[in-house]
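Biologist: I have this model open in front of me and would like a close look at one part. Could you pick a strand and walk me through its surroundings?

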Amino acid sequence: MTDTAPETAADRRIRATVTRRFVRDPFVIGVGLLVAAIAWTLAGGDLDFFPFLLMLLGGFGIAFSFVNATMEMRPARVGVIVHVVVAAALAATVLVMIEFDGAELLADLPEPARAIALVLQIAAGPATGWILLGLLSRVTDLFRRRDTEKRPAPVAPVWQREYTADGSGVDFPAVPLRMRTLTMAIVVIVVVVGLAGTALLIALDGAGMLFGPRIAVIVVGAGLALPVYLVLLAVTRRRTLVCAVAFGDDELRIRAGASTHRILFRDLQTLVWRTRSDYARIEVQGTTAEGAAVDLSLIAGLAKAPAGRTSELPAVPRRVFRRLELAGMTVQRTRRDEVVTFRRGV
């Protein structure tokens with residue numbers, strides 16, 4: 001039995017928290033960084049590393065917020081339409097600025113307006129790249145669904161009864177990686193792409209003369225973002241391990257590659273379980289029956305799934321909810337129960 005309880009007031013609070021952390025907070029931070037960059041530019045500061053970094057990170061923060069917001073829109077087709085329209089508008093704007101020389105278009109503007117336009121043009125590089133990456137993900141998912149109609153759809157991992165022990169378990173491939181590390185890697189990509197694009201423009205002086213320095217930064221930055229992201233994904237997937245998780249009557253058993261851990265429910269501090277998306281994962285903190293500390297994060301969504309399988313996890317069995325609650329854990333869920341978090345009560 002894998003059904004979970006319906007949404008409650010606690011679920012709505014968790015949903016609001018997720019929305020704040022992945023939509024509102026990145027947007028506010030991105031806007032704040034751009035305001036700081038604009039203030040620096042208006043004050044007559046040179047376009048050196050610090051304000052340039054503010055522009056790149058500010059544009060990325062706003063784009064990160066936008067893509068997450070479209071993913072949360074319901075019905076889903078509304079999010080797709082908004083995503084496509086904004087991506088097309090950004091691409092068209094870049095093409096117009098290239099075709100008609102953005103510097104000449106802005107030449108008649110007052111100095112403050114030109115300074116603001118400069119900040120927005122540079123910030124548009126990582127923003128456009130991230131929004132187009134999100135759109136590419138949607139298109140890839142569309143083709144995957146069409147292929148599914150032509151052949152048997154891949155199946156999600158399911159719980160199997162463990163005949164050599166109590167309870168049930170599931171096998172799945174996963175990448176041992178913390179979400180904090182993944183987030184930092186994405187931020188580093190933005191910074192590296194910006195710096196690499198600048199270095200490339202310096203080396204290829206003709207590109208700056210052809211497109212104008214500001215538009216060239218946007219074009220080169222967006223062109224570098226996708227290859228760097230694909231390299232990151234390939235490197236990450238090389239670390240994939242064969243993993244297994246089992247819930248017994250009073251213990252959690254985990255195998256990650258050659259390492260195994262057995263944690264009694266009473267010694268479990270935190271358990272995060274996400275079933276779907278690229279961030280489908282299990283995070284565990286606790287103490288093994290032998291007294292060793294355990295702090296694991298296994299991301300199934302980034303791992304390459306075996307043929308006929310999906311990169312996700314099955315829902316936590318209903319019986320586990322009751323047993324963990326009896327062991328002193330509290331449960332929090334997001335909408336659609338994609339993320340379930342158990343924490344030791346204080």
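Modeller: Happy to; here is a tour of one strand, its partners and the core it feeds into. Please keep in mind that this is a predicted model, in which local features need pLDDT of at least 70, side-chain atom pairs count only at pLDDT 80 or more, and totals for chains, interfaces and linings use all residues. Residues are numbered from 1 along each chain as its sequence is written, and side-chain values use heavy atoms, with hydrogens and water left out.

Let's start with strand β6, residues 268-274. Strands here are DSSP runs of E with at least two residues, helices are runs of H or I with at least four, and both are numbered from the N terminus. Of the 7 residues in β6, 6 are buried, so the rest of the structure largely encloses this strand. Buried means under 20% relative accessible area, exposed means over 50%, and partly exposed lies in between, using a 1.4 Å probe and protein chains only.

Now for its partners. Two strands pair if DSSP finds at least two bridges between them. Strand β7 (residues 281-287) runs antiparallel to β6 and is joined to it by 6 bridges; across this pairing, L271 faces V284 of β7. The two strands make a hairpin with 6 residues between them, and S277 in the turn has a positive phi of about 80°. Strand β10 (residues 339-344) also pairs with β6 in the antiparallel sense, over 5 bridges. There, R274 stands opposite V339.

Next, the core. A nonpolar core is a set of buried Ala, Val, Leu, Ile, Met, Phe, Trp, Tyr and Cys residues joined through side-chain atoms within 4.5 Å. The largest one has 29 residues, and F172 and F247 have the most contacts inside it. At least two residues of this core come from each of β2, β3, β4, β6, β7, β8 (293-299), α9 (318-326) and β10. As background, nonpolar side chains in soluble globular proteins tend to be buried together.

F172 is a good residue to click on. Leaving out residues up to four places away in sequence, F172 touches L241, V242, C243, A244, V245, I282, A300 and L313, where contact means heavy atoms within 4.5 Å. Apart from this core lies another, of 24 residues, including I38, F52, F60 and W130.
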